[in-house]
Amino acid sequence: MSWKLLTMHPWEDPLAFTTRFAQLPDFTLLYSGRKERFGGNFSFLFLEPVEQCRGNRWSELPPLQNKDSLPQWIGYLGYGMRGGIERYTRGTPSFIDLPDFWLVRYARMFRFDHGTRKIEEFINERPEAKSRRPVDSAPSAKENSIRNLRSNLTRTEYEANVSATLEKIRGGDFYQANITRKFFGEFTTAPDSWSIFCRLCELSPAPYSAFIKHDATAIVSSSPECFLSVDEQGAIISRPIKGSAPRSADAKEDKKLQDDLLASEKNSAENLMIVDLMRNDLSRVSVAGSVKVSEQSALYSYATIHHLVSTVTAQKVPKISAYEVVRAAFPPGSMTGAPKIAAVEWCTAREKLERGIYSGAIGWFGGNDTCDFSVVIRTLIIDGNHFEFQVGGGIVADSTPEDEWRETLTKARGIAGALGIKESQLAAL
């Protein structure tokens, strides 16, 4: 596969541009809704699927053609792909049970350059896509009421999990474990998933937002976290997030929350552990001595939450493929804990349900062993009239069960707001 530049278009916001295609049954938008020092430069819209590849094992991933470094296969790698290098136990299937990976090759691509404000339209030199008629109409907003809102873990159960995790940490089983909980429910009828995505982008803008639609299935993401990118020179970047604090509408209080987060030994230790884990993972596929930490526990503020973010860089071994790089670091360390194997096994046993897509990665693989993936957090999964989303946090020695429970509510604010769910409703589950 090779992309050919077809034409240029006048600048238009990617959300507004994509709205004209929103009723197509299959398309993907990777949307940089927030500019940052290390991200937010490009958005991509992919139309007219040529080929889909779904499966559960790394050996089933499609071959890459090293003709150019533009995206070739676009989609997600779910948390179930964690069996890439090590063998892990699997839990009960998620409420929405999708393939562990789902990648698509498209015939048309629009690349939005947010810096130069240019829109480039590309076509596949060998387009094979079959045209599909758009859906006739979208459900109205009033039809999107929610029923049967539930969680796999009540507050009591989640706090008990945190307490049990603290005992394991004190016993030396691991240093950190990322315990999560899932919210799920139903719409009264299949919703307008595109409208929900636009609402989420308004409430919680992020540099790695994504909207993936395959008929009745939609993935709605506003992730702030870069999992892994590899450019055509083999330069690797990962930006793990660990350490969080809620935002406040009061400027003075918000500044105090920022200062307290930066001064927090607990949050700094949480971040440092995951940075060390990522350094270790990348050392397997990188030139000796090239793994560096260029930014440690820097403060980044988003609409509903403050985060501590670090930046790890490396240089890929020339003969190593992009698949091997991603596999070496998968699943993202910020979503597991450390040491990774022990933490993953513990979390699987405590969470009851498989995480599904959550804690995996969304993005693309390109030619010349390039790739760009975000971590699947702040992400809503819709399948027909069912939905689910998941939140969690890294538990370390000085975590407290109540604070960790409250952090799950903070992290759920963006998606809950887009769905019209009040925080008090989540707190009552």
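Two strands count as paired here if DSSP finds at least two bridges between them. That criterion applies throughout this tour of a predicted model.

**Stop 1: strands E13 and E15**

Select residues 241-246, strand E13, together with residues 305-315, strand E15. The two run antiparallel and are joined by 4 bridges. Within this pair, Ala-245 stands opposite His-306 of E15. Now display the surroundings of E13. Of its 6 residues, 5 are buried, so the strand is largely enclosed by the rest of the structure. Buried means under 20% relative accessible area.

**Stop 2: the whole chain**

Zoom out and colour by secondary structure. The protein has 10 helices and 20 strands. Its radius of gyration is 21 Å, close to the 22 Å that the globule rule gives for 429 residues, so the protein is as compact as a globular protein of that length. Along the principal axes, the C-alpha trace spans about 60 × 55 × 45 Å.

Switch to a surface representation. The accessible surface comes to about 17100 Å², and carbon and sulfur atoms account for 50% of that. Of the 429 residues, 59% are buried. For a contact map, take the contacts between residues at least 6 apart in sequence: 76% of them join residues at least 24 apart.

Colouring by charge gives 52 positive and 53 negative side chains. The centres of these two sets lie 1 Å apart.

**Stop 3: strand E4 and its two partners**

Select residues 71-77, strand E4. How many of the 7 residues of E4 are buried? The count is 7 of 7, so E4 is largely enclosed by the rest of the structure.

Add residues 361-366, strand E17, which pairs with E4 in the antiparallel sense over 6 bridges. Then add residues 101-113, strand E5, which runs antiparallel to E4 and is joined to it by 4 bridges. Leu-77 is a useful residue to label, as it appears in both pairings: it stands opposite Ala-361 in E17 and opposite Phe-101 in E5. When side chains are switched on, keep in mind that in a regular strand they alternate between the two faces of the sheet.

**Stop 4: strand E19, between E10 and E20 in the pairing list**

Select residues 379-383, strand E19, in which 4 of the 5 residues are buried. Which strands pair with E19? One is E10, residues 217-223, antiparallel over 5 bridges. Another is E20, residues 386-395, antiparallel over 4 bridges.

Label Ile-381 in E19. On the E10 side, Ile-219 stands opposite Ile-381. In E20, the residue opposite Ile-381 is Glu-388.

Next, centre on the turn of the E19 and E20 hairpin, where 2 residues lie between the strands. Gly-384 in this hairpin takes a positive phi near 65 degrees.

**Stop 5: a loop glycine**

Finally, select Gly-172, in the loop between helix H2 (155-170) and strand E8 (176-187). Is this residue buried or exposed? Gly-172 has a relative accessible area of 59%. Exposed means over 50%, so Gly-172 is exposed.

To finish, draw a distance from the C-alpha atom of Gly-172 to that of Asp-369. The two residues are 197 apart along the chain, and their C-alpha atoms are separated by 39 Å.

Definitions and conventions
Residues are numbered from 1 along each chain as its sequence is written. This is a predicted model: local features need pLDDT of at least 70, side-chain atom pairs count only at pLDDT 80 or more; totals for chains, interfaces and linings use all residues. Side-chain values use heavy atoms; hydrogens and water are left out. Buried means under 20% relative accessible area, exposed over 50%, partly exposed in between (1.4 Å probe, protein chains only). The radius of gyration is taken over C-alpha atoms; the globule rule is 2.2 Å times the number of residues to the power 0.38. Contact means heavy atoms within 4.5 Å. Accessible areas come from the Shrake-Rupley method with a 1.4 Å probe; for residues, only the protein chains shown count as cover. Lys and Arg count as positive and Asp and Glu as negative; His and the chain ends are not counted. The place of a charge is taken as NZ of Lys, CZ of Arg, CG of Asp or CD of Glu.
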